[in-house]
Amino acid sequence: MLLDVRTYTCKPGTINTHLNLYKEKGKPVQSKHLGQPLLFATTETGNPNEYTHIWVYKSADDREKKRAAMWADPNWVNYTQESAKLGALEAQQNKLLKPVDFYQFTPN
């Protein structure tokens with residue numbers, strides 16, 4: 001199992017506009033290819049301009065195939081272009097994590 005933890009930082013004052021664009025244009029196509037995330041959340045404390053989502057994959061190969069299919073989808077490309085035009089994103093941090101063997105991980 002592989003967890004893809006992605007944290008994005010938006011320019012101050014733009015996070016809600018960015019998330020609304022994602023909800024309308026990005027979420028449907030991303031969910032089509034990746035399924036539902038384990039988590040998609042904004043921060044309660046810390047930087048109010050950040051949000052994080054976590055995707056669960058069977059393996060690195062599973063992740064690569066699903067993300068390649070998503071990037072081949074014109075609707076995803078269109079969303080990323082609209083997001084770039086909006087200009088809200090300031091930074092992105094990605095981590096790939098493997099759960100330890102001594103805790104049982106059972107995503108819903």
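1. A friendly start at the N-terminal end of the numbering: D4 and R6 form a salt bridge, with 3.1 Å between the closest N and O atoms (a side-chain nitrogen of Lys or Arg within 4 Å of a carboxyl oxygen of Asp or Glu). Both D4 and R6 are buried (under 20% relative accessible area; exposed is over 50%, partly exposed in between; 1.4 Å probe, protein chains only).

2. A word on the basis: this is a predicted model, where local features need pLDDT of at least 70 and side-chain atom pairs count only at pLDDT 80 or more, while totals for chains, interfaces and linings use all residues. Residues are numbered from 1 along each chain as its sequence is written, and side-chain values use heavy atoms, leaving out hydrogens and water.

3. The whole structure has six salt bridges. In one of them, D62 meets K66 at 3.5 Å, N to O. These two residues sit four apart in helix 2 (residues 60-71), about one turn of the helix (helices are DSSP runs of H or I, at least four residues, and strands are runs of E, at least two, numbered from the N terminus). D62 is buried at 14% relative accessibility, whereas K66 is partly exposed at 26%. Shared partners join D4, R6 and R63 into one salt-bridge network.

4. Now the rings: there are seven aromatic pairs (Phe, Tyr and Trp rings, the six-membered one for Trp, with centres within 6.5 Å; planes under 30 degrees apart are stacked, over 60 edge-to-face, the rest tilted). Y22 and F40 are stacked, 5.0 Å centre to centre with 25° between the planes. This pair links helix 1 (residues 15-34) to strand 2 (residues 39-42), 18 residues apart.
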